[in-house]
Amino acid sequence: MTLKNYKTFFAVLALSAVLVFAFTQTGCGVYKFKDVSIPDSVKVVRVGIIQNKASYVNPQLAPELTEKLKQKIVSQTRMKQTNGDDADWDINCTITSYSFSTSGISNQRANTNRLNVGVHIDVRDNHSQQTKKYDVTRSFDYDGGLALQQAEQGLKTEMLRSLSDDIFNRIFSNW
């Protein structure tokens, strides 16, 4: 065998060893997919209807955000959804703040306004009887010439996507 063949042989052998090591280290107690970390014991989740306890209530936000969060969990994890008492985790959220303010002024007029939405999250692990609490806040800027109801309609898709992403990431991505 020539020196070139030995080098190729050892390179393939080293690469094979690295691949075998990498594949044998997956699945050791924690399920990971797309930066999602879920213990193996958690297979069923119950997402409660999101409550809206902010001083100003957007009546469409809570029910639509509940559905968006449920869809995200089912589509991006291996977890099953339930409404029964057999859930491994109970996820309950509350919209705690929903406020708007001026964020930009030009020629002594508000030209940009900001809508701030805060959500409190409780995740109860029914096996360990422990509850983890998280909070997420997201801001959405809109044209200062729009009425709040117009801005809410225009921001609706972005609000649902961003808030459901933030809630999901806070619960499942350990960041």
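**Figure 1. Glu-152, a residue of helix H3.** Helices here are DSSP runs of H or I with at least four residues, strands are DSSP runs of E with at least two, and both are numbered from the N terminus. The model is predicted, so local features need pLDDT of at least 70 and side-chain atom pairs count only at pLDDT 80 or more, while totals for chains, interfaces and linings use all residues. Residues are numbered from 1 along each chain as its sequence is written, and side-chain values use heavy atoms, with hydrogens and water left out. Glu-152 is buried (under 20% relative accessible area; exposed is over 50% and partly exposed lies in between, with a 1.4 Å probe and protein chains only), yet this residue has no salt bridge. A salt bridge needs a side-chain nitrogen of Lys or Arg within 4 Å of a carboxyl oxygen of Asp or Glu. The nearest side chain of opposite charge is Lys-156, 10 Å away; Lys and Arg count as positive, Asp and Glu as negative, and His and the chain ends are not counted. Which residues touch Glu-152, leaving aside its neighbours within four places in sequence? They are Tyr-56, Asn-58 and Tyr-98, where contact means heavy atoms within 4.5 Å.

**Figure 2. Arg-46 and its acidic partners.** Here is a view for anyone who likes buried charges. The closest N and O atoms of Arg-46 and Asp-90 are 2.6 Å apart, forming a salt bridge. Arg-46 lies in strand S3 (residues 44-47) and Asp-90 in strand S6 (residues 89-106), so this pair ties together parts 44 residues apart in sequence. Both Arg-46 and Asp-90 are buried. Asp-85 joins them in a network of salt bridges. In the whole model, the count comes to eight salt bridges.

**Figure 3. Strand S3, covered on both faces.** Val-44 and Arg-46 are buried on one side of S3, and Val-45 and Val-47 are buried on the other. S3 runs parallel to strand S5 (residues 80-81), with two bridges between them; strands pair if DSSP finds at least two bridges. Val-44 stands opposite Lys-80 in S5.

**Figure 4. Two more salt bridges, Lys-70 with Glu-67 and Arg-138 with Asp-166.** For Lys-70 and Glu-67, the closest N and O atoms are 3.9 Å apart. Both residues lie in helix H2 (residues 61-76), three residues apart, about one turn of the helix. Lys-70 is buried at 17% relative accessibility, whereas Glu-67 is partly exposed at 41%. Arg-138 and Asp-166 meet at 2.8 Å, N to O. This pair links distant parts of the chain, with Arg-138 in strand S8 (residues 130-143) and Asp-166 in helix H3 (residues 148-172), 28 residues apart. Arg-138 is partly exposed at 30%, and Asp-166 is buried at 12%.

**Figure 5. The largest nonpolar core, with 36 residues.** Such a core is a set of buried Ala, Val, Leu, Ile, Met, Phe, Trp, Tyr and Cys residues joined through side-chain atoms within 4.5 Å. Among the residues that touch the most other members are Ile-91, Leu-115, Val-119 and Phe-172. S3, H2, S6, strand S7 (109-125), S8 and H3 each supply at least two core residues, and H3 gives the largest share, ten residues. Leaving aside neighbours within four places in sequence, the contacts of Val-119 include Cys-93, Ile-95, Val-136, Leu-163 and Ile-167.
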